[in-house]
Amino acid sequence: MNLKVIGTVLCLVLSGCTFSVPQAESALRWAKGLTQEEAASAEQQPLWLASVGESGSVVKPYTVADFTVFANSDGDAIAFDGWIIRSVTGFGLKAPLSISGKEGERSFVSGESVVVARCGAWVWRQPVWQQRCDQGASEILLDEAGNIQKISMSLGEKVGFVTLRVAN
């Protein structure tokens with residue numbers, strides 16, 4: 001190895017020399033700006049009121065993969081795929097609850113407990129989409145612009161209903 005290279009490395013390491021890479025600084029400023037825009041966008045998201053059985057909380061919607069996840073910093077979270085609530089955690093539940101199936105057979109799994117229910121097709125009755133299932137009905141209420149204002153779904157006798165509605 002060249003003595004000049006070793007000397008330069010030692011200078012940088014021992015003396016705390018710094019150097020500037022304009023492209024890296026520009027990229028960092030750009031990324032920081034994106035993060036601030038995302039934070040501002042998240043602050044503009046409406047708050048939602050969520051309840052699962054007798055427990056309720058205030059949650060914010062976040063887009064994660066193909067789901068909208070309504071969550072808060074207390075560990076309460078509800079994943080919604082646009083039609084069905086797919087999972088619920090927190091809200092005083094002993095174990096997370098996951099839901100599979102859309103029409104026909106639907107499974108509710110919590111810990112080692114599995115409940116299977118039969119569900120019919122979604123039916124449009126303006127301004128509400130409704131679905132009847134063995135354990136109760138599901139509804140999605142829309143406003144005039146087609147935005148979801150309220151989601152409710154029966155989770156069976158043990159848990160009751162899960163309800164999400166826009167708070168503001």
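The lining of the largest pocket is a mix: ten nonpolar residues, six polar and three charged. Here Ala, Val, Leu, Ile, Met, Phe, Trp, Tyr, Cys and Pro count as nonpolar, Asp, Glu, Lys and Arg as charged, and the others, Gly among them, as polar. Keep in mind that this is a predicted model, where local features need pLDDT of at least 70 and side-chain atom pairs count only at pLDDT 80 or more, while totals for chains, interfaces and linings use all residues. Residues are numbered from 1 along each chain as its sequence is written, and side-chain values use heavy atoms, with hydrogens and water left out.

That pocket has a volume of about 360 Å³. A pocket is an open set of points on a 1 Å grid over the protein atoms alone where a 1.4 Å probe fits, with protein on both sides within 12 Å along at least five of seven lines; lining residues have an atom within 4 Å of a point. The volume is the space filled by probe spheres set on the points, which are joined across faces, edges and corners. Of the 19 lining residues, Leu93, Leu97, Ser110, Lys158 and Val159 are closest to the centre. Strand E7 (104-110) gives the largest share, three residues, and strands are DSSP runs of at least two residues, numbered from the N terminus.

Now for the inside. The largest nonpolar core has 24 residues, and Ile78, Ile85, Leu155 and Leu164 have the most contacts inside it. Such a core is a set of buried Ala, Val, Leu, Ile, Met, Phe, Trp, Tyr and Cys residues joined through side-chain atoms within 4.5 Å. Beyond its neighbours within four places in sequence, Ile85 touches residues including Ile78, Ile99, Met153 and Leu164, contact meaning heavy atoms within 4.5 Å.

On to the rings. There are four aromatic pairs, counted when ring centres of Phe, Tyr and Trp (its six-membered ring) lie within 6.5 Å, with planes under 30 degrees apart called stacked, over 60 edge-to-face and the rest tilted. Trp83 and Trp129 make an edge-to-face pair, 5.1 Å centre to centre with 85° between the planes. These two partners sit 46 residues apart. Ring pairs also link Trp83, Trp122, Trp124 and Trp129 into a cluster.

Three accessibilities side by side (buried is under 20% relative accessible area, exposed over 50%, partly exposed in between, with a 1.4 Å probe and protein chains only):

| Residue | Relative accessibility | Class |
|---|---|---|
| Trp83 | 28% | partly exposed |
| Trp129 | 26% | partly exposed |
| Ala77 | 18% | buried |

How values were computed. Helices (H or I, at least four residues) and strands (E, at least two) are DSSP runs, numbered from the N terminus.
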